[in-house]
Amino acid sequence: MSLNEFLVHKRKAVLARDQRITDGEVGPSPLHAKVTAEGRTGLRRMRIRDHQIISDSASGFAGYDLGPSSPELQLGVLGTCMVHIFEIQAAAMQVPLDSVEVDVWGSMDARAGTPGYESLPRGLQGIRYEVRVGSPASDLQIDALYASVESSCPILSLLRNPQEVHGQLVRV
């Protein structure tokens with residue numbers, strides 16, 4: 001099945017979801033992820049619904065390089081979200097897509113917070129992405145598609161407009 005054939009199915013799902021929203025049948029969806037540290041390796045096992053994702057550190061940070069690091073996962077999450085929103089918006093707008101790929105880059109500076117580097121941010125910096133789209137659609141259609149993706153991608157929005165995160169510690 002080609003991407004364009006998939007977009008036909010995606011369009012039906014998008015239109016059905018939009019109708020459920022219009023009919024008042026759809027509201028907020030609670031989401032949950034649970035992460036545990038494994039003994040012996042320190043490997044982080046993430047569980048989301050019936051799925052598992054493994055995160056680890058490189059050997060230079062006492063890891064075994066058995067999976068991507070948390071910052072790498074964040075870059076990947078942005079990329080997967082953008083590809084998915086390209087699919088959704090292309091289906092909704094009926095823009096044909098032969099292919100869509102997103103590369104995401106960023107950097108971390110291990111010196112952050114150490115003497116002389118106290119002002120360096122501890123998180124991902126310089127996040128940037130490149131989208132490559134193969135399509136017979138016009139430049140005008142692709143530009144409109146891209147603008148729609150930029151305005152509706154939830155992970156891109158979260159990174160550009162951070163929200164408060166609340167936490168608590170529970171001793172067991």
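**Core.** I began with the largest nonpolar core of this predicted model, which holds 24 residues, and I looked up which of them touch the most other members: they are Met 82 and Leu 145. I then listed the elements that give two or more residues to this core and found α1 (3-22), α2 (70-93), β4 (99-107) and α3 (139-152). The element that gives the most is α2, with 9 residues. I note as background that in soluble globular proteins nonpolar side chains tend to be buried together.

**Leu 145.** I next asked what Leu 145 is in contact with once its neighbours within four places in sequence are left aside. The list I obtained is Phe 86, Gln 89, Ala 90, Met 93, Val 95 and Leu 97.

**Helices α1 and α2.** I looked up how the two helices are placed, and I found that their axes come within 8 Å and cross at roughly 75°. Because angles of 65 to 115 degrees count as roughly perpendicular, I entered α1 as roughly perpendicular to α2. On the α1 side of the contact I recorded Leu 3, Phe 6, Leu 7, Lys 10, Arg 11 and Val 14, and these meet His 84, Glu 87, Ile 88, Ala 90, Ala 91 and Ala 92 in α2. Sorted by class, the contact of α1 with α2 has 8 nonpolar, 1 polar and 3 charged residues. I also marked Ala 90 for a second reason, since Ala 90 appears among the contacts of Leu 145 as well as among the α2 residues that meet α1.

**Sheet.** I turned to the strands and traced an open sheet of 3 strands in the order β1-β2-β3, with antiparallel pairing. The edge strands are β1 and β3, each of which pairs on one side only. Direction ignored, neighbouring strands of this sheet are turned by 25° against each other on average.

**First hairpin.** I checked the pairing of β1 (residues 34-37) with β2 (residues 44-48) and found 4 bridges joining these antiparallel strands, with Val 35 having Met 46 in β2 as its bridge partner. The two strands form a hairpin with 6 residues between them, and in the turn I noted Arg 40, which has a positive phi of about 70°.

**Second hairpin.** For β2 and β3 (residues 51-55) I found antiparallel pairing over 5 bridges. I looked up two partners in β3: Arg 44 is bridged to Ser 55, and Ile 48 is bridged to His 51. This hairpin has 2 residues between its strands, and Arg 49 in the turn has a positive phi of about 50°.

How values were computed. Residues are numbered from 1 along each chain as its sequence is written. This is a predicted model: local features need pLDDT of at least 70, side-chain atom pairs count only at pLDDT 80 or more; totals for chains, interfaces and linings use all residues. Side-chain values use heavy atoms; hydrogens and water are left out. Two strands pair if DSSP finds at least two bridges between them. A nonpolar core is a set of buried Ala, Val, Leu, Ile, Met, Phe, Trp, Tyr and Cys residues joined through side-chain atoms within 4.5 Å. Buried means under 20% relative accessible area, exposed over 50%, partly exposed in between (1.4 Å probe, protein chains only). Contact means heavy atoms within 4.5 Å. Axes are lines fitted to C-alpha atoms, for helices over the stretch in contact, and angles run from 0 to 180 degrees between N-to-C directions. Angles under 35 degrees count as roughly parallel, over 145 as roughly antiparallel, 65 to 115 as roughly perpendicular and the rest as oblique. Ala, Val, Leu, Ile, Met, Phe, Trp, Tyr, Cys and Pro count as nonpolar, Asp, Glu, Lys and Arg as charged, and the others, Gly among them, as polar.
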